[in-house]
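This report describes a structure in two parts, beginning with a sheet and the helix beside it and ending with annotated spans and a surface patch.

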Amino acid sequence: MNQNQHLPFISNPIKSIFKPMQEVGVILFSSLLVAAGLNLFLIPHQLLSGGVTGVASIIGYITGWNISIVYFLLNVPLIFWGWKAIGRRYIVLSCVSVVSTTWFMALIPVIRVTKDPILAAVFGGIISAAGIGYSLRVGGSTGGFDILGSIVTRKRDVPMGNILFLMNGIVILALGFFRSWDLALYSMLSTFVKGKVVDMIHVGHIKVTCFIITKQKDQMLCQLRKLHHGITCIHTEGGYSEQENYTLMTVTTRYELAAVRKTVAQTDPNAFMNVVLSTEILGRFAKPKL
């Protein structure tokens, strides 16, 4: 193994400054996608995307109020809750997302791109889901039910898309009672598509096994234990170098993989890590603590 090939890019101070800017850039682009899916496909047909956005849309359809403003006001209490339940970084990114989505919704005109409500439901769901999924991947959300879904999926081994589909279904049923069951069914189609696309992008419920080869066993164990998952330590030897090594094996989620990668790189710049997909887990598997 060539140790020079595994220098940690994370230690570069330039990248440590650039990474938050990159995350904010992804959040802004995600907000643009969410706003475009709403104003260009769903709202012109009076369809719902579900969640708080759906509640804001129903209020806007019935009262004529500005949907973007209602969306912002409904997100305020959820953001405060998420601050206490999840953490500061997640909510800061979510705040950026909510504010930018509100701004993009006010900026993008409401235009009916297609006359077919089925096409509007499908493509509106796909575009909105892309925005939600990429926000979740960088550790934020688009606010609303995404915050609730993130809390549940961190405690339970449940796909995020399934959680959003269940919660959004309740909102869509309200559309059927207050407006039209045809619109509710179209909205249900959009929500189903959105849930599947979110799961394709946000894979926090998928388990992976990390094999970490290092000489700094004690330091690596000390840092990995902070990530709440069990670790198996194996005494190994290099096949070519015949030098003594230690292989640490831990099972985590794709959601937490970035934290494991960062921990390994910072603890031992010369460590080697191999990540493989785990199709099934039996026995104890600790959930990350909120």
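In this predicted model, the bridge partner of Ile212 in β4 is Met273. That pair can be placed within a wider pairing, since strand β1, residues 207-214, is joined to β4 by six bridges, the two strands running antiparallel. Together with two further strands they belong to an open, antiparallel sheet of four strands, whose order is β2-β3-β1-β4. Because β2 (231-237) and β4 (272-277) stand at the edges and have a single partner strand each, one side of each is left without a neighbour in the sheet. From one strand to the next, the twist averages 20 degrees. Helix α9, residues 217-224, packs on this sheet and touches β1, β2 and β3 (244-253), and its direction makes about 10 degrees with that of β3.

Turning to the annotated spans, the unreviewed UniProt entry lists residues 24-43, 55-83, 90-111, 117-136 and 163-181 under "transmembrane region". For two of these spans, the computed content and end-to-end distances are tabulated here.

| Span | Helix | Strand | Distance between end C-alpha atoms |
|---|---|---|---|
| Residues 24-43 | 95% | 0% | 26 Å |
| Residues 117-136 | 100% | 0% | 28 Å |

The surface also carries a nonpolar patch formed by Ile62, Leu173, Phe177, Phe178 and Trp181, which together have about 600 Å² of accessible area. Helix α7, residues 160-178, supplies the largest share of this patch, namely three residues, while Ile62 is found in helix α2, residues 51-63.

Note on methods. Residues are numbered from 1 along each chain as its sequence is written. This is a predicted model: local features need pLDDT of at least 70, side-chain atom pairs count only at pLDDT 80 or more; totals for chains, interfaces and linings use all residues. Side-chain values use heavy atoms; hydrogens and water are left out. Two strands pair if DSSP finds at least two bridges between them. Axes are lines fitted to C-alpha atoms, for helices over the stretch in contact, and angles run from 0 to 180 degrees between N-to-C directions. Contact means heavy atoms within 4.5 Å. UniProt positions are given in the numbering used here, feature names are shortened, and annotations may be inferred rather than shown by experiment. Patches are made of residues with over 30% relative accessible area and no salt bridge: like charges are joined within 9 Å, nonpolar side chains (Val, Leu, Ile, Met, Phe, Trp, Tyr) within 5 Å. Accessible areas come from the Shrake-Rupley method with a 1.4 Å probe; for residues, only the protein chains shown count as cover. A salt bridge is a side-chain nitrogen of Lys or Arg within 4 Å of a carboxyl oxygen of Asp or Glu.
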